[in-house]
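Biologist: I'd like to learn how to read a structure like this one. Could you walk me through it?

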Amino acid sequence: MSSLFFKKPAAAYVQLFTIMSINLKKNKMDSTKTTGFVTQVATTTKTNTNGKLFRNCTVAIDDQSFQAIIWEKSYQNGVTIGDQYTCELKPGLDKDGNPRIFITVLNGTDALVPTMEHFSALFANLAV
């Protein structure tokens, strides 16, 4: 599976929010985005409580594999195993009420989420 990691996304996204700073009981949740590599996609669809179709999948972010979903409409746009896609990370509660992060693979655009690495050359000559 490690051969699928062509370019490692920046780890800075983890610092954008912490689960402890979010009031989950009042449903005040912010999401953030990063990029990840899709390593597996289920062959069957499931339906959420709102009737929306999705597939379970696995994404690799910073060389770690995580459970995720991809909406069926996004899947139908085309997904290539091993390619990099934008992933939304949203804090929430699992079915037992425990805090967790939900990851959704987004395939509506080919644009990457910009990281500091993408623009580091612009700031290379700045003195602090």
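Biologist: Okay, what pattern does the protein chain follow when read along the sequence?

Modeller: Keep in mind that this is a predicted model. The chain runs β-β-β-β-α-β-β, which comes to one helix and six strands.

Biologist: And how many aromatic pairs does the structure hold?

Modeller: Just one aromatic pair. For the geometry, you look at the ring centres and the angle between the planes, where over 60 degrees counts as edge-to-face. Here Phe54 and Trp71 have centres 6.3 Å apart and planes at 80°, so they are edge-to-face.

Biologist: Which parts does that pair tie together?

Modeller: Phe54 belongs to strand S3 (residues 53-61) and Trp71 to strand S4 (residues 64-71), so the pair links parts 17 residues apart in sequence.

Biologist: Is Phe54 buried or exposed?

Modeller: Buried: the cut-off is under 20% relative accessible area, and Phe54 comes in at 13%. Across the protein chain, buried residues make up 31% of the 128 residues.

Biologist: What sits over the ring of Trp71?

Modeller: The charged end of Lys52, 4.2 Å from the ring centre. There's also Arg55, which lies over the face of Tyr75 at 3.9 Å from the ring centre.

Biologist: How much area does the protein chain expose?

Modeller: About 8,800 Å², with carbon and sulfur atoms supplying 53% of it.

Biologist: Last one: among contacts between residues at least 6 apart in sequence, what share joins residues at least 24 apart?

Modeller: That share is 56% in this protein chain.

Technical notes:
Residues are numbered from 1 along each chain as its sequence is written. This is a predicted model: local features need pLDDT of at least 70, side-chain atom pairs count only at pLDDT 80 or more; totals for chains, interfaces and linings use all residues. Side-chain values use heavy atoms; hydrogens and water are left out. Rings of Phe, Tyr and Trp (its six-membered ring) pair if their centres lie within 6.5 Å; planes under 30 degrees apart count as stacked, over 60 as edge-to-face and the rest as tilted. Helices (H or I, at least four residues) and strands (E, at least two) are DSSP runs, numbered from the N terminus. Buried means under 20% relative accessible area, exposed over 50%, partly exposed in between (1.4 Å probe, protein chains only). A charge sits over a ring if NZ of Lys or CZ of Arg is within 6 Å of the ring centre and within 35 degrees of the ring normal. Contact means heavy atoms within 4.5 Å. Accessible areas come from the Shrake-Rupley method with a 1.4 Å probe; for residues, only the protein chains shown count as cover.
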